Amino acid sequence: MISTPDGEIDVNGRSGPLGGPADQQRLIGLRAQAAVVLVGAGTAKGEGYGPPSKQGLRIGVVSKSCNVDFSAPLFTSGAGFVVTSTSAPTVPVDSIRAGETEVDLLGVLQQLPAGLIHVEGGPTLNAALLNADLVDAINLTVSPHIGGRRGPSLSYAPHALRAFTLSNLETNGDFVFVRYERNK
Ligand SMILES: NC(=O)c1ccc[n+]([C@@H]2O[C@H](COP(=O)([O-])OP(=O)(O)OC[C@H]3O[C@@H](n4cnc5c(N)ncnc54)[C@H](OP(=O)(O)O)[C@@H]3O)[C@@H](O)[C@H]2O)c1
C-alpha cells in the first residue's frame, strides 16, 4: 500500500497519483517474489487491474457478490481468478471458495499455492485480513503528498491493535519505504 503522511490512499479513487517510478519498482519487486496476488474487487475495478507482467503470476480477486467484470483483460488473459464463498454465484473463470456465506480467508489461504501471498489492498480486504490475524508483514510506501479530503485509509474496519516490528526502511527521493513484520 501507498499512503500520504496524513493517511490518504487515493486521489479520486486511484492510488497512482501518489506513487512514482520508485514505488512502481517496489511493486514489481514484491510481485517477483509472490506465488500469488490477492486484491479486493473494489481495487481491481477502480484501479483497472490488468494481467501482471510476471509470466504465470495469477491474481485472485476477492468478492462476496461475484459482481465482477469478467470481460476485463485481467480475466480474458487467464491471469485472474475469483476468491469467494461456496454459496456465491457461479463464475466463468477459475474460483477458490471457502466459507458458506462469508468468505473464509484462512480457508482460502490454505488452498493457494505455497509461498508468498502478496495482498494489494484495498482497505476493506486489508481489514478482513487484519481481523482474522492473517497479516505477516506490511510493505508501506509513504508518499510525499498531503491530500485535500478524507477518503479511505489503509484499513476500513476496526480491528484489534496488533504490534509489528520495523524490519526494513529505505528512501528514494522524497519517498519512504517501510516493511513491518508481525510480532510473533
Ligand atoms: N494506496 C494504495 O496502495 C491502495 C491500494 C489498494 C486500493 N486503494 C484504494 O482503495 C479504494 C478501494 O477501497 P475498497 O475498500 O473498496 O477496496 P477493496 O477491499 O479492494 O474492495 C472492496 C470489495 O472487495 C470485496 N471484498 C473485500 N474484502 C472481502 C472479504 N473479506 N470478503 C468478501 N469480499 C471482500 C467486496 O467485493 P463485492 O462487493 O464484489 O462483494 C468489497 O465490496 C480505491 O480508491 C483504491 O484506489 C489504494
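Here are some questions and answers about this predicted model. Residues are numbered from 1 along each chain as its sequence is written. Local features need pLDDT of at least 70, side-chain atom pairs count only at pLDDT 80 or more, and totals for chains, interfaces and linings use all residues.

Me: Which residues of α5 are buried?
Reply: First, the terms: helices (H or I, at least four residues) and strands (E, at least two) are DSSP runs, numbered from the N terminus. Buried means that 20 or more other C-beta atoms, placed from the backbone, lie within 10 Å of the residue's own. In α5 that gives Pro123, Leu125, Asn126 and Leu129.

Me: How wide an arc do those residues cover around the axis of α5?
Reply: The arc is taken from the directions from the helix axis to the C-beta atoms. An α-helix has 3.6 residues a turn, so residues three or four places apart point the same way. The buried ones sit on the same side of α5 because their arc is only 160 degrees.

Me: Which strands stand at the edges of the open sheet?
Reply: Strands pair if DSSP finds at least two bridges between them. This sheet has four strands in the order β1-β7-β9-β8, with mixed pairing. Two of them have a single partner strand each, so one side of each is left without a neighbour in the sheet: β1 (2-3) and β8 (164-172).

Me: How many bridges join β8 to β9?
Reply: β9 covers residues 175-182, and the two strands run antiparallel. Across the pair, Asn168 stands opposite Arg179 in β9. The number of bridges joining β8 to β9 is eight.

Methods: A residue is buried if 20 or more other C-beta atoms lie within 10 Å of its own, exposed if 12 or fewer, and partly exposed in between; C-beta atoms are placed from the backbone.
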